[in-house]
Every structure is written in C-alpha cells, then in structure tokens.
Amino acid sequence: SSLRARFKNYTVMKVYLKDFITDSLLLYYKNKHPHVNLLSQVQKVHILLVKGQYTEAVRILKKTLVQSRKLELFTIERYLLRIWAEINHHRLTHPDAIIEFQQQYANNLKQNLVYETDLSEWELRSTEWLAKVRGLDMFDKPQPDVNVNSMQKLDTLGIRSEIKKLNCLSYLHLLRKEINEKHRVNKQLLDLSEKFKREGDQSYNNVYIRNNYISCLLDLNQFTDTIRQSDEMIKSESKFGYYEHLAFPKAILFKLDAYYHLGKFKEGLDLVYEVEKKMQQISDSLGDYTAWKEFCFFKHTFLFVNRRYRECWIDMQSVDLKTLQKNYPPEYADYSLLALMLQYEMNNFGTLKNMVTKTAQNFNKTGITDETYLQLVAFFKAVKPEYAKPLAEKTVTTLDAYYKKTGLQPRRCFALVGYTQWLKAVSQQKYLEDLL
C-alpha cells in the first residue's frame, strides 16, 4: 500500500518490471536451458527470413531440427518441417527438386507423426494409471487382477515413451503391492532418465522419478541408501538449477525419515536446524506449504524424542491448529495429543488437566472417534504422577487388544512415534528414544 501511494503508475511499473526481469532471465538461460536455446534458434530463423537471408535461415533450421529430434520434442520438429516446406515453396523452381523435397517432406512428417503418436499414447496411459494409484491407501488390499504382462508386451519408439511405459509398470506393481518389483522398475526408470539427461535433454525433470525410487528404498527399509540417494537428488538438481525448488524439500523429508528410522535423532535435529531457513524460503516462493507442514512434523518429533520439550512446546505455538482441525483432522489430533504428551513430560499436570478437557471437547466437535485418540484422552484425564505407570500399562494392553481385533496397524503420531511406544516408555520409566 505504501508503494501504491508513493508511485502514481505503480501497476504499470510492476508489469514493466516483471517483463524486464523475465526477458533478462531468457537471456541468462539462452545457453543454459536446452529448450530455451532451441526456441531462440527458431526465433533466429524467423528473423533471418524477414531479412531475406534464406541460406543462413535454412542452415540454422537444419541444425535446430537435429536438436529437436535429440530432445524428442516432436511437436517442435513438425513445426520446423513446415517452415522448411514454406521456404522451399518459394525457393525451389525445378520440378525434379520439388518432387524430391515433397518425398523427403512426406517421409519426415510420417516418421514424426508415428513418434509423436506413440509418445502421446504412453503419456495418456501413464496419466490414467497415475490417477488410479494417487488415491491408494496403505491399508488397501493388493489388486492381483492388474495385468502387468499385457503392459510389458507393448512397444515404445523413443526414450520419453519408454520412461512413460516404466512409469505405468511402476504403478501396476504398486497396485499389486509388489514392492520388490516396483523397486526394480523404478531403478530402471531412474537409470534411463539419468541417461536421457546426459545424452538427450539435460533439463528433463526426473525429480518425481527419483522421488518414487527413494520411496521404494524407504518401503524396503534401506535407510542408508535413502540418505545417499537423497543427497544425490540435491546434488543432481543443484548442478543445473532447473528443479532444485522441487528436489530439495523432497530430499530433505526423505533424509529426515531415514534418520528417524535409523535412530539418529540428534543428526535429524541437526539437519532440521541446518535447512529450516531454506525450506521456509522455498515454501514461501512457491506458495505451497505441503512440504513445510511435513517438515514441521519431523521438527517437532525430533525435538520431542531429543527431550527438548520446552523448545518443542514454544515452536508448536506457531502451528495453525484451527486450519488443521478444519482440513486435516488426523494431523490436528496428532498435534493435540503431542501437546498433552509435552505437558506430561514437563510435569505440568495442572495445565494438562485443563488442556485435556478442551481437547476432548474439540475431538467430539470435530468428529474424531479413532480408538487410539480416545484411549489417549482417557489416559490423560485420569493420569496422576503416583500411578502413571500402571495406567500406562493398562492403556497399552487395551490398545494392543484393539489392534489385534481389528487388524489395524498401531497409530503413530505424524506416522512416526507410536503412541503405544510412548506409553510403554511411561510404564517402564524409560526415555522414549531407548525404545525406538
């Protein structure tokens, strides 16, 4: 508002500044990003044609055609072929030369159409199966009727098509809950995409491919490899700087997950402090706080496990619980119970009693009826220092029986700290980290 008052033509100046910065970035990336470079060559062709420099325009056009085929950008290749045809329409005069070019043009268009159609079909298949796995829940049963062989038999004509085919196979194995096969396919997918980046399109975005591969490593409990691949993900994207804003948050979350499961709680907390500022900056620049929200889950978990209770409590005051209560009830419930666990660990039983009453009311208002949450609320309502141990044991027994009866996995705070693990630590009068 102060800028609007200070500058009369603020809106116009803002648009001008944005265009100026964008044009400057185009110049900067002209020789750094292969797609920007390719399109700049197309611009050169048009400028040369306007100036009547047909020979030079054709020379650059032929060079650009080779580049577009290497990048497997078939739409741009077809666009360039039509420009070449338009040039020859004006330049060629001898019938034999025209017929020769017409045959060459027809062959080029036919081949281009075959490759473009093949890629489009695989992109559509990949998107179709992506939609089927996106809503998949970890508790969903395997789908053995999904036919992997029928997909495996289909041919591909280019590297981009082969990548999409491997994507499809990865999704099929995911639906069948075949973790080892999914890992194998994703390793092939990563190797192929990296080869394409080296030999074809260095700007190819394979962050999601690395993401899926590292997810497989986590599923297979290969936590050391998870850390190594996460570091490689950051290194790979920071080299060119194309998609670091996507790779960095994902890699950090993977590393934190691996550190937790390896029991490296101090290292995890050190990493949190090391990257916190950059994670916040990336979230602010993208306007997407999904990764930041998950980052905070890890931060508060590591603070809790490292017995930094006061620091964890203070930092949690910045969490927007009302938004979580409205949009993410399970995560709201986890934060609510973590707050109660913190008060217990800090021996603030007076505050704990006041908080648990309000928490129970909010759970009822929000419709949170999960047995784990309700049992924890009952524990905190009844707990007193002198008989915390037997009450914790009783609550663990009740929850174990519930999980056995229902076949459900034990509920974990932010999918990390098991609530029964914490209760066992209370009953055994041990530190939580000794039981994880």
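Here is a quick tour of two empty spaces in this structure, a pocket and a cavity. Keep in mind that the model is predicted.

Why look at gaps at all? Rolling a probe the size of a water molecule over the atoms shows where empty space is left.

Let's start with the second largest pocket, which holds about 450 Å³ of space. Its lining is made up of 16 residues, and if you want to find the centre, look for Leu321, Tyr332, Ser336, Lys358 and Asn362, which lie nearest to it. Four helices each give two or more residues to this lining: H15 (309–316), H16 (321–327), H17 (329–345) and H18 (349–366). The largest share comes from H18, with five residues. Sorted by class, the pocket lining has eight nonpolar, five polar and three charged residues.

Now for the enclosed space. The structure has one cavity of 30 Å³ or more, and about 30 Å³ of space lies in this largest cavity. Around it you'll find Thr301, Phe304, Leu338, Met341, Cys413 and Val417. Helix H14 (290–305) and H17 each give two or more residues to the cavity lining. Five of the lining residues are nonpolar, one is polar and none is charged.

Here are the two spaces side by side:

| Space | Volume | Lining by class |
|---|---|---|
| Second largest pocket | about 450 Å³ | eight nonpolar, five polar, three charged residues |
| Largest cavity | about 30 Å³ | five nonpolar, one polar, no charged residues |

One helix to keep an eye on is H17: it gives two or more residues to the lining of the pocket and also to that of the cavity.

Definitions and conventions:
Residues are numbered from 1 along each chain as its sequence is written. This is a predicted model: local features need pLDDT of at least 70, side-chain atom pairs count only at pLDDT 80 or more; totals for chains, interfaces and linings use all residues. Side-chain values use heavy atoms; hydrogens and water are left out. On a 1 Å grid over the protein atoms alone, a cavity is a set of points where a 1.4 Å probe fits but cannot get out, and a pocket is an open set with protein on both sides within 12 Å along at least five of seven lines; lining residues have an atom within 4 Å of a point. Grid points are joined across faces, edges and corners, and a volume is the space filled by probe spheres set on the points. Ala, Val, Leu, Ile, Met, Phe, Trp, Tyr, Cys and Pro count as nonpolar, Asp, Glu, Lys and Arg as charged, and the others, Gly among them, as polar.
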